[in-house]
Amino acid sequence: MAHDATTTGTGNTELVRVATSESRFARYGLIGIALCFVALFLVLPLAAVFTEAMRNGPGEFFTVLSDPETFAAIELTLLVAVIAVPLNLVFGVAAAWAIAKFEFKGKAFLTTLIDLPFSVSPVISGLVFVLLFGSHSLLGPWLQSHGIQILFAVPGIVLATVFVTFPFVARELIPLMQEQGTSDEEAALSLGASGWQTFWYVTLPNIKWGLLYGVLLCNARAMGEFGAVSVVSGHIRGLTNTMPLQVEILYNEYNFVAAFAVATLLALLALLTLVLKSLLEMKYSAQIAASRRH
Amino acid sequence: MEVRVQNIRKEFSRFPALNDVSLDIRSGELIALLGPSGSGKTTLLRLIAGLESPTEGTVYFGNEDASRKTVQQRNIGFVFQHYALFRHMTVLDNVSFGLTIRPAGRRPSKDEIRKRALELLDLVQLSGLEKRYPAQLSGGQRQRVALARAMAVEPNVLLLDEPFGALDAQVRKELRRWLREIHDRTGHTTVFVTHDQDEALELADRVVVMSKGKIEQIGTPDEIYDTPNSPFVFGFIGESNILRVRVENGQLWIKEHSIGVSALGEADGPAQLYFRPHDIELLDGNGGCIAGLVAMTRRVAGTRHVELDIGAANSKVEIELPPEKVTSDHSRIAFRPTRWKLFRD
Amino acid sequence: MTARTAPLWQFRQPSVIPGFGLALGVTLSWLILIILIPLSGLAWRSSALGWGTFWTLATDQRTINALRISFGTAFVAALINVVFGVILAWVLVRYRFPGKRVIDAMVDLPFALPTAVAGIALTTLYAPNGWIGSLLTPLGIKIAFTPIGIVFALVFVGLPFVVRTVQPIMEEIDKEVEEAAATLGANRFQTISRVLLPGLAPAVLTGFALAFARGVGEYGSVIFIAGNLPYVSEIAPLLIVIRLEEFNYPAATAIAAVMLIISFAMLLIINMIQAWSRKRYGYGA
């Protein structure tokens with residue numbers, strides 16, 4: 001009864017302190033430590049990006065951004081995301097459908113395989129495609145003779161990005177669809193709906209916010225991926241440089257303002273992602289999988 | 001230890017949960033706080049424990065004012081509805097916990113602690129399970145561990161919050177009897193909260209009936225059942241029937257019919273007649289009785305429940321008859337309450 | 001109705017829901033094409049090296065140092081994240097203070113911020129002439145371009161793993177358990193250290209493992225702040241990239257294989273501990 005109404009520390013009128021709260025001193029101490037840590041490791045780096053970009057005023061900031069190479073990097077980043085995210089969206093829905101709605105042998109193993117890219121270094125994710133398509137590989141000479149360029153070109157960048165962002169959508173949808181069970185679909189089927197109708201009118205509305213959540217995280221990683229893309233891209237300016245790679249090149253050329261200007265765009269993307277993510281969590285927490293990792 | 005609660009008031013963000021409650025608990029007594037949810041019974045228990053502090057009023061342990069003591073200082077034993085066992089500790093470590101965390105000066109030796117914990121596990125009939133983890137026990141076993149854990153600190157008073165609430169009916173009944181045995185053997189002053197009247201009446205030396213933040217009645221199970229002092233207690237404990245009657249010249253009347261019950265000394269005027277379904281006698285005849293038509297009959301275990309339409313009072317009552325007494329629908333039955341109570345509006 | 005005997009071995013349990021074949025087909029082909037073929041390429045290439053060559057490449061001093069730096073800094077960073085991550089999760093779950101919502105959302109920044117951006121930002125802060133670095137230089141403390149700088153970058157990328165693993169478990173702590181400890185005489189410190197934290201141990205361990213695994217493979221945020229001095233502050237992923245740029249594919253393959261083997265072995269151990277904990281205590285994370 002009324003347990004939840006227990007005053008957690010704010011009640012000054014209480015004769016004795018509530019048993020399950022810390023002293024005011026300990027509380028403020030812990031909050032202080034946490035805030036300092038967040039400021040030092042999260043807020044300051046973010047602030048540094050914006051400050052450094054505006055070091056020479058907004059005029060230079062915009063001049064730098066209108067550079068054609070930077071523009072090409074933005075275009076390439078968007079192109080890669082536009083290809084990679086839908087591919088993993090389709091895969092994620094299919095994988096979640098198979099894993100969450102059915103019981104079959106080897107299901108746990110399949111789930112582990114889907115998570116595999118999370119435990120592989122991004123550099124290794126790029127390396128495997130170099131080993132597969134490089135000139136010294138089995139496929140390399142054949143590809144070359146047919147004039148197909150995969151490495152150091154857009155296809156390689158897309159492949160590496162797809163590899164790295166592979167688990168995001170599936171990982172969000174599997175626990176969510178498992179939670180929801182199969183009774184809604186069985187009801188729809190019993191009322192005469194076809195398989196596609198069931199998916200379209202029953203399943204999809206149930207998972208749409210979780211799906212959006214997964215796509216959001218997938219997209220953030222796709223646009224921001226650095227290590228894997230760096231290995232397969234070849235760093236050809238204006239052609240195979242994505243935005244994160246452009247940041248690296250500009251920074252290594254000591255063109256700090258330009259590097260931070262491009263970084264600002266990526267930081268804004270990250271902030272937008274965080275805002276949308278928080279909104280989804282606040283408004284639709286029930287329709288998003290319980291596990292919020294990644 | 002004797003526990004006294006004096007003029008306690010407790011508000012949760014302006015909402016009064018307890019209003020001027022006083023209660024004397026005698027040393028060694030087993031007492032039940034009984035009431036519907038929201039009656040304040042759990043709040044009262046938590047106030048005695050020190051898990052809440054009162055907005056006004058005092059709690060005495062013996063002659064000592066305990067109100068300003070923290071829950072840790074009060075040395076009580078508290079058993080929670082959902083056991084609240086420490087799941088990363090073995091059964092033995094759970095029971096020993098209260099002793100092992102004592103400061104070095106007041107802490108018994110390791111062997112002593114182990115010995116006492118094993119004795120308690122023996123008392124609650126869990127010998128041999130000391131190495132198990134809570135997850136490996138059944139609900140009833142977990143609650144027995146919780147009780148042993150609470151008793152290990154030699155508490156001033158043992159407080160149990162709906163101790164059998166999470167268990168299924170069969171286990172509940174067993175544990176009920178068993179708790180009474182443990183109490184009789186150890187003699188701890190014990191207060192337990194329940195919303196189950198059978199549990200309270202069967203188990204407790206005295207029952208405290210609560211409603212809406214107030215104590216309605218305190219008494220032995222017999223007193224509570226046989227002489228409820230308010231319509232609430234009458235209605236909350238056991239089955240009851242209510243009829244609107246009129247008192248006139250020491251007699252009870254429904255409209256112009258006397259029902260053959262004399263209420264000498266009662267002032268004239270309208271009143272509510274309360275009686276239990278089994279406190280009746282069947283009558284033949286037309287005068288000096290309550291008569292009604294059978295609306296429905298149900299066989300419930302060893303008795304037959306008959307619902308009667310009392311045309312004169314324009315209401316329904318239910319009475320209990322021996323199962324041999326077969327009645328057909330719409331037949332007429334006349335009866336008179338043998339034990340009853342009048343309440344005025 | 002007569003009971004039909006179930007077949008002895010059944011690939012999947014019967015279900016009225018359609019689309020199993022299609023969904024599993026799409027999943028498996030995509031998985032094989034994108035993940036399994038490329039990864040098995042790596043396995044095949046490293047086995048083609050032969051045991052002797054592989055051993056020589058893997059035990060090259062520069063490689064060993066790079067692996068030691070990667071795993072060592074990731075371990076220290078994960079430990080730091082366990083301490084501060086648990087405090088941060090506790091503060092977010094238990095206390096109310098202005099700006100709490102924003103802080104809660106900010107915790108995910110390392111997931112959302114591209115690692116290259118994090119790398120140059122942290123370098124700007126901790127370089128000897130940077131915002132914080134310039135305050136520390138007079139004290140003789142150097143962070144950027146040393147292994148300490150690597151640890152700082154890995155603390156940044158690993159933080160959300162610990163917080164987001166521990167936070168939901170902390171939210172589920174039964175208040176009755178804390179009250180039970182208090183009624184038995186435990187003071188607040190004893191309740192937290194002997195009852196609450198041990199109960200969180202599986203979640204903390206999982207968070208540690210995730211942060212550690214991420215830290216070992218991390219590249220983008222580290223290379224700017226590390227200084228990349230061979231044998232001293234050169235991480236294993238960077239050495240892979242350097243070997244690739246030298247077209248020394250066998251060496252790159254060998255380092256990658258060693259990293260993968262160690263990482264998978266660790267994940268396996270963690271999973272076993274989790275399974276054991278679930279079996280024994282009835283909970284994991």
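Buried residues make up 52% of the 345 residues in chain B, so let's start our tour of this predicted model there. From chain B we'll move to its meeting place with chain C, where about 2200 Å² is buried. After that comes the contact between chain C and chain A, with about 8400 Å² buried. Two residues of chain A, A:Lys101 and A:Met282, round things off.

**Chain B by itself**

- If you count secondary structure elements in chain B, you get 9 helices and 20 strands.
- Measuring along the principal axes, the C-alpha trace of chain B spans about 80 × 45 × 35 Å.
- Take the contacts in chain B with a separation of 6 or more: 66% of them are between residues 24 or more positions apart.
- Chain B exposes about 15400 Å², and 46% of that comes from carbon and sulfur atoms.

**Where chain C meets chain B**

- A quick word on size: an interface is often described by the accessible area lost when the parts come together.
- For chain C and chain B, that area is about 2200 Å², with carbon and sulfur atoms giving 61% of it.
- On the chain C side, C:Glu176, C:Thr183 and C:Leu184 lose the most area to chain B, and together they make up 31% of what that side buries.
- Counting residues, 22 from chain C are in contact with 26 from chain B.
- There is 1 salt bridge between these two chains, and you can find it where the side chains of C:Glu179 and B:Arg46 meet, at 2.6 Å from N to O.
- Polar contacts join 5 residue pairs between chain C and chain B, counting pairs with both residues at pLDDT 80 or more.
- Three helices of chain C, α9 (175-183), α10 (188-217) and α13 (249-281), each supply at least two residues of the side that touches chain B.
- Which helix gives the largest share of that side? It's α9(C), with 7 residues.

**Where chain C meets chain A**

- Here 96 residues from chain C and 93 residues from chain A take part in the contact.
- The two chains bury about 8400 Å² between them, with 81% of it on carbon and sulfur atoms.
- C:Ile17, C:Trp30 and C:Trp131 supply 8% of the area that chain C buries against chain A, which is more than any other three residues.
- This interface has 2 salt bridges, one of them between the side chains of C:Asp108 and A:Lys277, at 2.3 Å from N to O.
- It also has 10 residue pairs in polar contact, with both residues at pLDDT 80 or more.
- Helix α1 (residues 20-48) of chain C gives the most to the side of chain C that touches chain A, namely 18 residues.

**Two spots to look at in chain A**

- Look for A:Lys101 in helix α3 (residues 68-101) of chain A.
- Is A:Lys101 buried or exposed? A:Lys101 counts as buried, because its relative accessibility is 5% and the cut-off is under 20%.
- The side chain of A:Lys101 makes a polar contact of 3.2 Å with the side chain of A:Glu185.
- Beyond its neighbours within four places in sequence, A:Lys101 is in contact with several residues, including A:Met177, A:Gly181 and A:Thr203.
- A:Met282 sits in helix α13 (residues 256-283) of chain A and is partly exposed, with a relative accessible area of 43%.
- Together with A:Leu272, A:Val275, A:Leu276 and A:Leu279, A:Met282 forms a nonpolar surface patch with about 430 Å² of accessible area.

Methods:
Residues numbered from 1 in each chain as written. Chains lettered and ligands numbered in written order. Predicted model: local features only at pLDDT ≥ 70, side-chain atom pairs only at ≥ 80, totals over all residues. Heavy atoms only, no water. Patch = residues over 30% accessible without salt bridge, like charges linked within 9 Å, V, L, I, M, F, W, Y side chains within 5 Å. Areas by Shrake-Rupley, 256 points an atom, 1.4 Å probe, with all protein chains shown as cover. Salt bridge = Lys/Arg side-chain N within 4 Å of Asp/Glu carboxyl O. Helix = DSSP H or I, 4+ residues; strand = E, 2+ residues; numbered from the N terminus. Buried < 20%, exposed > 50% of the residue type's maximum accessible area, 1.4 Å probe, protein only. Contact = heavy atoms within 4.5 Å. Buried area = accessible area lost by both parts, 1.4 Å probe. Polar contact = N/O pair within 3.5 Å; in protein donor to acceptor, adjacent residues only side chain to side chain.
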